[in-house]
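Me: I would like to go through this model step by step. Could you show it to me before I begin asking?

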Amino acid sequence: MDRIIEIASDDRHLAIARGSMEIRAGNDVVGRVPLDDIGALICSAHGLTYSNNLIAKLAERSVPVVLCGPNHMPVGYLMATNAHHQQSKRIMAQADASRALKNRLWKQLVQTKIEAQAAVLETLGKPHVPVGSLIRHVKSGDPENIEGQAAQRYWQLMFGNDFRRDRFGSGPNAALNYGYAVLRAATARATMAAGLHPSLGLHHRSGANPMNLVDDLIEPFRPIVDLIVFRLWVDNSDIELHGDTKRLLATVTAHDLPTDAGASPVMQCLHRLAGSLAQCYLGETQSLSLPLAPLPLELG
């Protein structure tokens, strides 16, 4: 089980106790979570303290620890340094990958993302053809930035012409940002577990971004967050990022997607995607492993 655990209450102490993460408030134990059940740990409260043994055990399991600032957005990640037995071999192949290969794989990711965006719009009963029709125009490396053109149409069709994505915004933007942060932590775990370096991206190549590859692989899964947030916004246009909203968004990696191996949670799909990317780098396969349908059946 890969549960996303967020510590959102102030002044908690986290430590190891009999194979579990124990959460204390003063002298009282207020929660325990088996280490093997934790997919990512998000620390967003004030006054948190941790035992070194806990952090080391989570690193051994390739569980990312996400540290959040006063605005509850991630400011740092703690990741394992040796998460796969072929890590060195895979990172060397990743570093040596040709631009042609990276461009071809980025095309796959962009097409899948646009397909998911169109599926979200269709599910919501909104015009989806203006977005879906762009899929066939995506070329290797997406030199015409079809991804950006699709996003512009997508957001306007979903939230209206006045909506603008804002990494620091409130309302639906805050909920989207939080959902993406959860998804990013899960993608980071899958990337590291596959023995890949998160800084060496396919398309994202910012020298200031240690998660370039994570920000590539997350793209096809973002529309799942979008769909959840839109439905919250329809129910309450004054949507706020409170505890109930966070708890709902923290389940995004638990939704099942149809795959060649049957229904699999988003978390497992991310592991398969990262593993297939490593195989592409090594010349063992030509295509990325992506879900058969873009949205979880229970959300469609």
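Reply: The turns below take up the sheets, a hairpin, a pair of helices and the pocket.

Me: What kind of model is this?
Reply: It is a predicted model, in which local features need pLDDT of at least 70, side-chain atom pairs count only at pLDDT 80 or more, and totals for chains, interfaces and linings use all residues. Residues are numbered from 1 along each chain as its sequence is written, while side-chain values use heavy atoms and leave out hydrogens and water.

Me: Which order do the strands take in the sheet with E4?
Reply: The order is E4-E3-E2-E6, in an open sheet of four strands with mixed pairing. Strands (E, at least two residues) and helices (H or I, at least four) are DSSP runs numbered from the N terminus, and two strands pair if DSSP finds at least two bridges between them. Strand E4 (28-34) and strand E6 (49-50) are the edges, each pairing on one side only.

Me: What packs on that sheet?
Reply: Helix H1 (residues 52-60) does, touching strand E2 (13-17), E3 and E6. Contact means heavy atoms within 4.5 Å. The direction of H1 makes about 70° with that of E2; such angles run from 0 to 180 degrees between N-to-C directions, with axes fitted to C-alpha atoms, for helices over the stretch in contact.

Me: How do E3 and E4 run, parallel or antiparallel?
Reply: They run antiparallel, and six bridges join strand E3 (residues 20-25) to E4. Arg-24 stands opposite Val-29 in E4.

Me: Now the sheet with E1, please: what is its order?
Reply: This open sheet of four strands reads E1-E5-E7-E8, with mixed pairing. Its edges are strand E1 (3-7) and E8, each of which pairs on one side only. Neighbouring strands are turned by 20° against each other on average, direction ignored. Strand E7 (residues 65-68) pairs with E8 in the antiparallel sense over four bridges, and Leu-67 has Gly-76 in E8 as its bridge partner.

Me: Which helix lies across E1, E5, E7 and E8?
Reply: H6 does, running at about 135° to strand E5 (38-43).

Me: And how does H6 pack with H8?
Reply: Their axes are 9 Å apart, at an angle of about 145°. Residues Pro-172, Ala-175, Leu-176, Gly-179, Tyr-180 and Leu-183 of H6 meet Arg-222, Val-225, Asp-226, Val-229 and Trp-233 of H8.

Me: What links E9 to E10?
Reply: A hairpin joins E9 to E10 through two residues. Strand E9 (residues 256-259) and strand E10 (residues 262-265) pair antiparallel over four bridges, with Leu-257 opposite Ser-264 in E10.

Me: Last topic: what is the volume of the largest pocket?
Reply: It is about 970 Å³, the space filled by probe spheres set on grid points joined across faces, edges and corners. On a 1 Å grid over the protein atoms alone, a pocket is an open set of points where a 1.4 Å probe fits, with protein on both sides within 12 Å along at least five of seven lines; lining residues have an atom within 4 Å of a point.

Me: Which lining residues are closest to its centre?
Reply: Of the 32 that line the largest pocket, these are Arg-167, Tyr-180, Arg-184, Asp-215 and Arg-222. H5 gives the largest share of the lining, five residues. Strand E8 (74-78), helix H3 (99-123), helix H5 (146-159), helix H6 (172-193) and helix H8 (222-235) each supply at least two.
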